[in-house]
Amino acid sequence: MSHSVSHQTIEQQLPKTMQHYPDCDRLANTILQIALNNTDGLAILSGLAATLGSIFAVDSCIIVSRTIDAQQVNQVGSWQDSQPLADKALQQLSALSIPPDSNSASLLVESTSPLFTALNCLLRKIAPGKSWLGMTTQVQGQNNGLVLLLKSENAEWTATEAELLTQIASSLAISISQAQLQQQSHTKSRYQNLLKNLSREISQGYQLKSLLQNCLAEIGHALQLDRSMILMFKYQNPLKAKDRGQKTVKGTAKITCQWSSHNPSLSTPGSFNLSNSDLCQQAWRNAPDCLDLDSDAAFPDLNVEAVTTRGSALLMMPLMGKKTSETDSAMVLGFLLLQKDLPHYWSQDERELIGWVGVQISTAIVNEQTLNRVQLIVDERTAQLTSSIDMQGKLSAKMRQHIEQLQKLNQLKDDFMNSMSHELKTPLTSMKIAIKMLRQPEIPPQMREKYLDILEQEWNREYNLIKDLLTLQQVESGQLDYSPQELDLAQTITSLSQSFRDKWQEERDINLVCHLEAPDLKIHTDAESLKHILQELLTNAGKYCDSHTTIELAASSQLTAQEEEIVISVANLGAGIAVEELPHIFDKFRRGQGVTDRAVPGTGLGLTLVQYLVEHLGGTISVTSKPLADDQKTFLTTFVLKLPQIQPSIG
């Protein structure tokens, strides 16, 4: 069982003076020379321990340098002749709480002293069978260290040994203080070298992965870490990821790179789900501030083969993206994660240093992402330019192409002017004739009703044309009203199909068949816009389909990765749309070739307005036109409309 020399024994054996110790001054000078001849704090402590161990002929000598901030782990230097203490034992001594002040440097012989009690209890566990003698050292009224001498349990401590240890206390205190200064100087130097090296790495413009790996190595060496890594996040919903007021965020954490003091070239495969890591969730909510834990902090808090979970002290510094506005929150791109195997108090200097490093890494990542986007745009533009040059060929071919385009534009202009002339003059002419006939005296009631119907129809035709032009202007200027509401799709389609049959079934024997996935299918959108879109698609189908055929209208709902959407299709059989015309079918004032010659009414605004309204509702529209297998002159033309199920606002 380990024990210390008793207070009563020492008090009885201590002489009043130390004049009969001629080597005491020389030993003190030797101790001071160790401090002067070494520039490393740990080397000074180890040198002092070796000197005392040899002088006192003990099994072990341990010197603990008390940190200025009592929350940090003490530095330990040791010398051991036989039966060395395990590293874990030295780690426990480094975590020993040494009181900051006392009356003077003194031997630890008082059984009532808290430090004596704690130290005696600890040594019984980590050094059984050892007898010990301990002493605190003091500089300027503050304890700055602890000296421990250990030898076999059967050996006795003499008053001479105790007195000698007391006499060299001041020299030991000065040397320990020098070790602390050297340690602080080395720490500051490491920090400065880290800043310099990182600035050099960033300025040299390495590839991002290589830059991050080098940064981790520099940080690991400077802060004496056991391991470090960089995690990058991929969110399921990036827009929601900015709201850190929510409890959890969904996504994946990918290990971009990692470093270990035991294996600097550690491979970096693997990723894990953010929902499985409470530490990641806590750190994400805490951003832009860092999350730090002093002890018992294995990361991540789940089983991932690619990540070493061993560790004690942990610091997670968020890597932040750019703010898009003053009121907007920056997105957490990922984390710089640092680990130590021993308990460690993260000082303010370390936090500020790691914060600076985090900003630099974040900037490098954002710049890399920006450069990638710019490079992608440049590559796309280069490819387009190359393709354009290859296709155009010689200058003469370019000129011919321009001439052909001008001819097409002129033809489109002529078609448009003819259509507009027809759409404006024909109704006015019909209205003029109807008015003239209505002025006839004693006109029969049946004829009066007929001409009134003509007036009303032609007025509606002119009104709809003007309405289309005004609606187009409102959409383009962003002034169109938007009032979403829940609609019964079956009722809306039934109403439109009835008016369609009234117009087209009698005139051209065109039938309309509607297929709804469910009779109670609902959609939440703007009623007027939806009605206009469907009406225009049905009108367009009626104009261009063959007589004695059937138009099919189908509606269903489907789920995508982001939302639920309504899919509506309108299909008809007829002359179809030429392949070269398909990309331009929604262009303003664009009409198919020859439609004016075939006396197909219209101005070329209908489908343009449809596309604008679809985009106004947040949806998409597409068109296909393919010949039938058994009849190459008859085409199946299908318009497919996809509209999101806009959720009603609450409150």
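D59 and K130 are both buried in this predicted model, and they make a good place to start looking. The two side chains form a salt bridge, with their closest N and O atoms 3.0 Å apart. D59 lies in the loop between α3 (41-56) and β2 (60-65), while K130 belongs to strand β4, so this contact ties together parts that are 71 residues apart in sequence.

Stay for a moment in the loop between α3 and β2, where you will also find A57. This residue has a phi near 55°, a positive value in a residue other than glycine. With a relative accessibility of 60%, A57 counts as exposed, whereas D59 is buried.

Now return to strand β4, which covers residues 130-139, and look for W132; its partner F116 sits in helix α5 (residues 114-126), so the pair ties together parts that are 16 residues apart in sequence. The two rings form a tilted aromatic pair, 5.4 Å from centre to centre with 35° between the planes. Both F116 and W132 are buried. The structure holds 5 aromatic pairs, and F116 with W132 is one of them.

Another pair takes us further along the chain. F233 and F335 are also tilted towards each other, with 5.5 Å between the ring centres and 55° between the planes. Here the link joins distant parts of the chain: F233 is in strand β6 (residues 227-235) and F335 is in strand β11 (residues 332-340), 102 residues apart. Both of these phenylalanines are buried. Together with Y235, they form one aromatic cluster.

Strand β6 also holds R227, whose side chain meets that of D341 in a salt bridge (3.0 Å, N to O). D341 is in the loop between β11 and α10 (348-392), and 114 residues separate this partner from R227. How do the two ends compare, buried or partly exposed? R227 has 4% relative accessibility and therefore counts as buried, while D341, at 24%, counts as partly exposed.

From here, follow the chain into helix α10 to find R351. This arginine forms a salt bridge with D292, and the closest N and O atoms are 2.9 Å apart. D292 lies in strand β9 (residues 291-293), so this bridge ties together parts that are 59 residues apart in sequence. R351 itself counts as partly exposed, at 25% relative accessibility. The structure holds 4 salt bridges, including this one between R351 and D292.

The loop between α9 (278-286) and β9 contains P288. Look at the bond that joins P288 to A287: the peptide is cis, with omega at about 10°.

Aromatic rings also meet charged side chains. K151 lies over the face of W157, at 4.1 Å from the ring centre. In a second example, the charged end of K503 sits over the ring of W504, 5.1 Å from its centre.

Our last stop is helix α14, which runs over residues 527-544. Its 18 residues reach 26 Å from the first C-alpha to the last, close to the 26 Å expected at 1.5 Å a residue. Among the buried residues of α14 are L530, I533, L534, L537 and L538, along with H532, E536 and N540. In the loop between α14 and β15 (550-559) comes H548, which has a positive phi of about 60° although it is not a glycine. H548 is exposed, with a relative accessible area of 63%.

Technical notes. Residues numbered from 1 in each chain as written. Predicted model: local features only at pLDDT ≥ 70, side-chain atom pairs only at ≥ 80, totals over all residues. Heavy atoms only, no water. Phe/Tyr/Trp six-rings, centres within 6.5 Å; stacked < 30°, edge-to-face > 60°. Helix = DSSP H or I, 4+ residues; strand = E, 2+ residues; numbered from the N terminus. Buried < 20%, exposed > 50% of the residue type's maximum accessible area, 1.4 Å probe, protein only. Lys NZ or Arg CZ within 6 Å of the ring centre and 35° of its normal. Expected span 1.5 Å × (residues − 1).
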